[in-house]
Amino acid sequence: QVQLVESGGGLVQPGGSLRLSCSASGSDYYAIGWFRQAPGKEREGVSCISRSDGSTYYVESVKGRFTIFRDNAKNTVYLQMDNLKPEDTALYYCATKCWWYASTWQGNWGQGTQVTVSS
């Protein structure tokens, strides 16, 4: 079982930046994805990175603003979030899956880290 721990959330002004971290305790996974859930909204996939070759994927709304990358030595995946907008406000989770995986593939999830974008 892979355990994931997110960190790096916080309060930031519109246009600001945050870097989220997802630290994994194991390596039994194919990919690490970032998801977010805002109040009253369903959970949404944000970005994903393949463990094998580092391929990256983004939901359209964050393309050009967010960057996912990894440090294999630290077994950590990061989500660099730039030019943040109020609509990015959500609880962000990382998981051992990408959002297009079958719903029956639950994966492992972190506890979440809150990102709030507000003036």
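Trainee: Leaving aside its neighbours within four places in sequence, which residues is D71 in contact with?

Mentor: This is a predicted model, in which local features need a pLDDT of at least 70 and side-chain atom pairs count only at pLDDT 80 or more, whereas totals for chains, interfaces and linings use all residues. Residues are numbered from 1 along each chain as its sequence is written, and side-chain values use heavy atoms, with hydrogens and water left out. D71 lies in strand β7, strands being DSSP runs of E with at least two residues, numbered from the N terminus, and at a relative accessible area of 25% D71 is partly exposed (between buried, under 20%, and exposed, over 50%, with a 1.4 Å probe and protein chains only). Taking contact as heavy atoms within 4.5 Å, the partners of D71 beyond four places in sequence are T76 and Y78.

Trainee: How many residues apart are D88 and R36?

Mentor: Side chains of opposite charge can pair when their charged atoms come close. D88 and R36 do form a salt bridge, with their closest N and O atoms 2.9 Å apart (the criterion being a side-chain nitrogen of Lys or Arg within 4 Å of a carboxyl oxygen of Asp or Glu). This pair links distant parts of the chain, since D88 sits in the loop between β8 and β9 and R36 in strand β4, and the separation is 52 residues.

Trainee: Which residues are joined into one network by salt bridges that share partners?

Mentor: D88 also forms a salt bridge with R65, where the closest N and O atoms are 2.7 Å apart. Both D88 and R65 are buried. Through shared partners, salt bridges build one network out of R36, E44, R65 and D88.

Trainee: Is E60, the salt-bridge partner of K63, buried or exposed?

Mentor: The side chains of K63 and E60 meet at 3.2 Å, N to O. K63 is partly exposed because its relative accessible area is 46%. E60 has a relative accessibility of 58% and therefore counts as exposed.

Trainee: Which element gives the largest share of the largest nonpolar core?

Mentor: A nonpolar core is a set of buried Ala, Val, Leu, Ile, Met, Phe, Trp, Tyr and Cys residues joined through side-chain atoms within 4.5 Å. The largest one has 25 residues, and those with the most contacts inside it include W34, F66 and M81. Among the elements giving two or more residues to this core are β4, β7 and β9, but the largest share, four residues, comes from β3.
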